[in-house]
Amino acid sequence: TTGLTIAHLPEGELRCEHIEKTVISLPDITRLLLKPLAISVDPYMRTRMQPSGYDYIERWKAGSTLSGWTMAEVVISSEPGFKQGDLVVGHLPMQELIAADGQHLIRVPAGSDPEAYLHPLGMTGFTAWVGMQLLGQPTAEDTVLVSAAAGAVGSIAAQLAQRQGANVIVTAGRTDKRDWLHRLGFKTVLNHRSPDYARQLNNAAPFGITLNFENIGGSAFTAAIDAMRPNGRLVLCGLVSQYQTRNPRKSPDNFAQLRQKKVAIHPFVVPDYLTHWNDFQRFMAPLVGQKNITWRLDKVSGGLDSVAPALIGLLNGDNIGKRVVEW
Ligand code: NDP
């Protein structure tokens, strides 16, 4: 079959030439043969291409096969519990055909919307739930800031805080994204790409941010730290603006304020929380089923050929909602 591999690692911005299509041999015997229908492209894919430094997830190098959160159809099965035509989701290699066993695969329950398993009931919904619900624990007393809130994780995280009655400030870098956030019911919608962002944030939160759900890093993070109230909480979800920079080690120059303000810092990565998966499903599936949470997919067609351009676009902020590549 064919699959996507790293041609050579990017230095600075990712380009299409860094990812190539190659022939990949499948084992002669497999318990499950899967055909992908949609795959998720995610910012952490770029961090897996950084050449050095510690990361919680194995890095890719030249020749590595790309993998990601995938929805696939079962083509052949000798695995109990899976039959031809079933839809499954899981972390899978990016290939036209995938040999798998049943381990770590989730069968999409009959009667549910399979697309929900690409986002609110998939990894990005899980990330939002772990970061906001488990760690952030917003209450009606909180002023919560969610950056990149028109993106996948941010849009769900912000709605979870809103459901708890918190005063939620959301940010997005483009007018149509901010319009969407207004339509979701958020009253304070700021532009984290504006040169004026720090002032806007201080005006929007005159008494300070008590819970910052950080998705982007860089100058927007610096502004958020400045705007935080003493004894606030910082949920460190991601720093997407730094994933393509050559010196991602640089910390915000007001880092010392986190100590002076005694901010409680909660860094997290979702693989550490997989034992909470069923709790997450019990929480989120009813919200999704009863349409009490709004979500949208940002679909790019074209299968494997579209993965590189779709990922590059995501890292530039093209997407509204969860970006996926369909066949
Ligand atoms: P998104 O759907 O939010 O897409 C990324 C968004 O980031 C873009 O749409 C863009 O929005 C914004 N962005 C991109 N580049 C920049 C930049 N230079 N400066 C400012 N904003 C930028 O992606 P996800 O929802 O998948 O991920 C959101 C965050 O969550 C990321 O930091 C990611 O790494 C993190 N994450 C963390 C996990 C964990 O385990 N801790 C798991 C999954 C995700 P805009 O146009 O509004 O600027």
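Which helix gives the largest share of the shell around the ligand? Helix 3 does, with three residues.

## The model and its confidence

What you have here is a predicted model. The protein chain averages a pLDDT of 96, and 100% of the residues score at least 70. Within the chain, confidence bottoms out in strand 7 (residues 106-107), where the mean is 95. Strand 8 (residues 143-146) sits at the other end, with the highest value, 99. For the complex, the predictor reports an ipTM of 0.98 and a pTM of 0.98.

## Around the ligand

There are 32 residues around the ligand, and the ones that come nearest are Gly151, Ala152, Gly173, Gly238 and Gly317. Two or more shell residues come from each of helix 2 (123-136), helix 3 (152-163) and helix 9 (307-315).

As for chemistry, the shell splits into 16 nonpolar residues, 12 polar ones and four charged ones. Both domains pitch in: domain 1 and domain 2 each supply at least three residues to the shell.

## Two domains and where they meet

The protein chain divides into domain 1, which covers 2-118 + 296-326, and domain 2, which covers 123-271. Their C-alpha centres are 28 Å apart.

Where the two meet, 16 residues of domain 1 are in contact with 18 residues of domain 2. On the domain 1 side of that contact, the residues come out as six nonpolar, six polar and four charged.

Definitions and conventions
Residues numbered from 1 in each chain as written. Predicted model: local features only at pLDDT ≥ 70, side-chain atom pairs only at ≥ 80, totals over all residues. Near = placed C-beta within 6 Å. Helix = DSSP H or I, 4+ residues; strand = E, 2+ residues; numbered from the N terminus. Nonpolar A, V, L, I, M, F, W, Y, C, P; charged D, E, K, R; others polar. Domains from an automatic or database assignment. Contact = placed C-beta atoms within 7 Å. pLDDT = per-residue confidence, 0-100.
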